[in-house]
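New to this one? Have a look at the structure first, and then we'll walk through it topic by topic.

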Amino acid sequence: MSDLPRIFLTRELPPATMKRLRESSQLTMSHEDRSLSKQELLEGLQDVDGLLCQLTDTIDDEVLASNPNLKVVSNYAVGFNNIDVAAATKRNIAVTNTPGVLSDSTADMAWALMFAVARRVVEGDRFVRGGNWQGWAPLQYLGLDISGSTLGLVGLGRIGRAMIQRAKGFDMRVLYWNRTRMEAEEERKLGVEYVELDDLLAQSDFVSLHVALAEGTKHLIDERRLEQMKSTAYLINTARGPVVDEKALVRALQANTIAGAGLDVFENEPQLEPELFELPNTVLAPHLGSATIATRSKMGELAVENCLAGCLGKRPPNLVNP
Ligand code: DGY
C-alpha cells in the first residue's frame, strides 16, 4: 500500500499541477467544474490527510470536523475568506494560501478594468458590433485620461504595491490608505502619499480596492463612502465583492454620483445585482484577477507544496493560521 499522502482536490487544476499531484499523492478529486456542496465536501474528505480547495468551496467547522485526521486545508487562492480559519486552528488543522504569485496578474486586471471603463472600450465595442458606427466624431464616447490622474489604493499589500509600479508608468499621483502606514522613507521611495480613507475617496479619480475580506472590511465601501467619491471618479474592485455594498453601488451608478465601476468580483458570486447588467458605465468580469496560464500554474505549485508539507506534518510555506 502506498504511503503517499492522501489528498482530496475539489476541482481540476492546470495540467502541470495535476501531474505533480498525481505523482506525489494518492489523489481523489471531484470531476465537477463547480463549487462543491457541503455533502460532497463531507464525502470527499473521508480518509484523507489534506484538502486542496478553491475559493468557491465553503470550508466551515462542520466540514473541518468531519475528518479528525485532516491535517491541512490548502486554498488555491491568496484570499481565504471561504475557510473558517479560527475553527481550523482550534482543530490543529493548517490553512494555507498562494500569496505573491498572482500580484502582477491581479494588478494587470485592475488596470484592464480601469482602461475598459474610463476609456469606454466595452461600450465602444458594443456600438461597433451593433453596426451603429457612422465614422469618427468629436464627441463620441469621451472618457477620462488615466495618465496624470490620481489613483487611490485602498489596502497596500502585495497587489496594492504592484499597482504603484504601474501607476508610476502613467505619471499618476498615488494616494493610499492601509491599516498600517509605511515608514516615511519608504513612502518617499515609492512616491506615494498616505491619507485617511475619507480623503482618499474625495481626491481620487480611480479608487482601486486591495484589501482582504475580513470582519473590518465587509462593506468598507458603503453608501456614505460612495457619496464621498467625486462624481467623475471610477471604482475598481479586484479584491472581494463583499468589500463593497453592491446595492449601494448600483444606486450610485444609476444616479451618476460616481462615473463608473470596473468590477471583477461581486458580493454573491456568481449572482450579481440585476441592475448592474443594465448600467452602461460598468464593466463586469467573472473574477479573472489571477486568470493567466502562468499565474494559475504558479498558484498550483504553491498550493501543492503547502498541501504536501501539511500532510507530512511539516510547516507549510504559506501558513495563514495565527
Ligand atoms: C485569489 O487568489 O484570492 C483570487 O481572488 C483568485 O485567484
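How many helices and strands are there in the protein chain? You'll find 12 of each: 12 helices and 12 strands. Keep in mind that this is a predicted model.

**Overall build**
- The protein chain has a radius of gyration of 21 Å, and the globule rule gives 20 Å for 322 residues, so the chain is as compact as a globular protein of that length.
- Measured out along its principal axes, the C-alpha trace spans about 75 × 50 × 30 Å.
- Of the 322 residues in the protein chain, 42% count as buried.
- Looking at contacts with a separation of 6 or more, 62% come from residues 24 or more positions apart.

**The seven-stranded sheet**
- Seven strands make up an open sheet with parallel pairing, in the order S8-S7-S6-S9-S10-S11-S12.
- Strands S8 (192-194) and S12 (282-284) sit at the edges with a single partner strand each, so one side of each has no neighbour in the sheet.
- On average, neighbouring strands of this sheet are turned by 20 degrees against each other, direction ignored.
- Inside the sheet order, S9 is followed by S10; strand S9 (residues 206-209) and strand S10 (residues 234-237) run parallel and are joined by four bridges.
- If you zoom in on that pair, Leu-209 stands opposite Asn-237 in S10.

**Around the ligand**
- The ligand is surrounded by Leu-55, Ala-77, Val-78, Gly-79, Leu-102, Gly-289 and Ser-290.
- That shell divides into four nonpolar residues, three polar ones and no charged ones.

Technical notes. Residues are numbered from 1 along each chain as its sequence is written. This is a predicted model: local features need pLDDT of at least 70, side-chain atom pairs count only at pLDDT 80 or more; totals for chains, interfaces and linings use all residues. A residue is near a molecule or strand if its C-beta atom, placed from the backbone, lies within 6 Å of it. Ala, Val, Leu, Ile, Met, Phe, Trp, Tyr, Cys and Pro count as nonpolar, Asp, Glu, Lys and Arg as charged, and the others, Gly among them, as polar. Helices (H or I, at least four residues) and strands (E, at least two) are DSSP runs, numbered from the N terminus. The radius of gyration is taken over C-alpha atoms; the globule rule is 2.2 Å times the number of residues to the power 0.38. A residue is buried if 20 or more other C-beta atoms lie within 10 Å of its own, exposed if 12 or fewer, and partly exposed in between; C-beta atoms are placed from the backbone. Two residues are in contact if their C-beta atoms, placed from the backbone, lie within 7 Å. Two strands pair if DSSP finds at least two bridges between them. Axes are lines fitted to C-alpha atoms, for helices over the stretch in contact, and angles run from 0 to 180 degrees between N-to-C directions.
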